[in-house]
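Biologist: Before we begin, could you show me the sequence and the structure, so that I can follow your answers on the page?

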Amino acid sequence: MFLKQIKYLLAVSLVLLIVFGWQYQIAFEKEKSKQLEKQFNDLNQIYTDTVNDLDEVRDENETLFLQLHDALIKIDDVEKRNAELELILFNQRQTYRHAVAMQGSIMPVLTQSSFTAQMYERAWVRLGAHGLKGIGDALVEAEERYGVNSLVLASIAYLESAGGMSKIARNKNNLFGLGAGDIDPYGHAMSFSYKDDSIYYVANLFRTNYLSRGGRFYRGENLEAIGIRYASDPLWAYKVGRAMSIIARSAIPEGR
């Protein structure tokens, strides 16, 4: 009887031990699962934060790239503008130096002076050439359109129209004495609706007939060559060159 009780107690103890062990194992696995779940959640949060950080960095990089692209475009525009300004200043210096050195008569006419309309308007005021006021824009446009140096055009107009005050200039808007000739100059002089029209006309005339190889009156590319067929006065080219010097000094009094 006693032995049976001992066996029973041992059996019960073994069952209890197994049950307790099983419960402990379950509790241990649950705790382990919680820890693993926590680690997973932490890693997932780190991953999410990393992805968000990378997205922000990517957005920032895209923004910086766009800013850099815009900056490069602006730098390129500034460099181009500086190159244009350098060329303008070079052209102005070259034309100015030729003019003040009284070399206008032998200077190639198909060159860029890069003089501005404001420069010419300043010159007309200083020279009292009131009849030429307002033609600065047309002189610049003629140079751009036909390639004829605008200081040359301005000087011929100044010389031929007596500063824009001749009867032909005032009544016929003809600044160059076109068609006038020596007999009945006023009667034979061409008429234009505007003074600007006479500037464009003579610029095109010079470019086509006097300064293009094969042109009807081509003799060379300077004022002396043009004067052979354009003017009856043998000193015409010299006088235009002198006018170039006067206008250049008035347009850019400080020099270049």
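Biologist: How does E141 count, by its relative accessibility?

Modeller: We sort residues by relative accessible area, computed with a 1.4 Å probe on protein chains only: buried means under 20%, exposed means over 50%, and partly exposed is in between. E141 has 30% relative accessibility, so the class to which E141 belongs is partly exposed.

Biologist: What kind of model is this, and what are its limits?

Modeller: Residues are numbered from 1 along each chain as its sequence is written, and side-chain values use heavy atoms, with hydrogens and water left out. Local features need pLDDT of at least 70, side-chain atom pairs count only at pLDDT 80 or more, and totals for chains, interfaces and linings use all residues, since the model is predicted.

Biologist: How many helices and strands does the chain have?

Modeller: Both are DSSP runs numbered from the N terminus, a helix being H or I over at least four residues and a strand being E over at least two. Read from the N terminus on, the order of elements is α-α-α-α-α-α-α-α-α. The count for the chain is therefore, under that definition, nine helices and zero strands.

Biologist: Which residue forms a salt bridge with E141?

Modeller: A salt bridge here is a side-chain nitrogen of Lys or Arg within 4 Å of a carboxyl oxygen of Asp or Glu. E141 sits in helix α3, and because its partner is four residues away in that helix, about one helical turn separates the two. The partner counts as partly exposed, at 43% relative accessibility. With N to O at 3.4 Å, the residue that meets the side chain of E141 is R145.

Biologist: How many salt bridges does a search of the whole structure find?

Modeller: Among them is the pair R58 and D59, whose side chains meet at 3.8 Å, N to O; R58 is partly exposed at 44%, and D59 is partly exposed at 39%. K239 and D233 form another, with their closest N and O atoms 2.6 Å apart. The search of the whole structure gives a total of three.

Biologist: How far apart in space are E141 and Y200?

Modeller: In sequence, these two residues are 59 residues apart. Y200 is one of the buried residues of α7, and α3, the helix of E141, is among the elements that cover the buried residues of α7. From C-alpha to C-alpha, the distance between E141 and Y200 is 8.3 Å.

Biologist: Which residues have the most contacts inside the largest nonpolar core?

Modeller: A nonpolar core is a set of buried Ala, Val, Leu, Ile, Met, Phe, Trp, Tyr and Cys residues joined through side-chain atoms within 4.5 Å, and the largest one here has 49 residues. Elements that give two or more residues to this core include α1 (2–100), α7 (195–210) and α9 (236–251). Taking contact to mean heavy atoms within 4.5 Å, and leaving aside neighbours within four places in sequence, Y230 touches residues including I156, F176, V202 and W236. The residues with the most contacts inside the core are W124, F206 and Y230.

Biologist: What span separates the end C-alpha atoms of α9?

Modeller: The expected span of a helix is 1.5 Å times one less than its number of residues. For the 16 residues of α9 this comes to 22 Å, and the distance between the end C-alpha atoms agrees, at 22 Å.

Biologist: Which residues is S250 in contact with, leaving aside its neighbours within four places in sequence?

Modeller: S250 lies in helix α9 and counts as buried, because its relative accessibility is 10%. Beyond its sequence neighbours, the residues it contacts are R122, A123, R126 and L127.

Biologist: Which residues form a nonpolar patch on the surface?

Modeller: Patches are made of residues with over 30% relative accessible area and no salt bridge; like charges are joined within 9 Å, and nonpolar side chains (Val, Leu, Ile, Met, Phe, Trp, Tyr) within 5 Å. One member is found in the loop between α1 and α2, and it counts as partly exposed at 35%. Together the patch has about 290 Å² of accessible area (Shrake-Rupley method, 1.4 Å probe, with only the protein chains shown counting as cover for residues). Its residues are M102, L235 and Y238.
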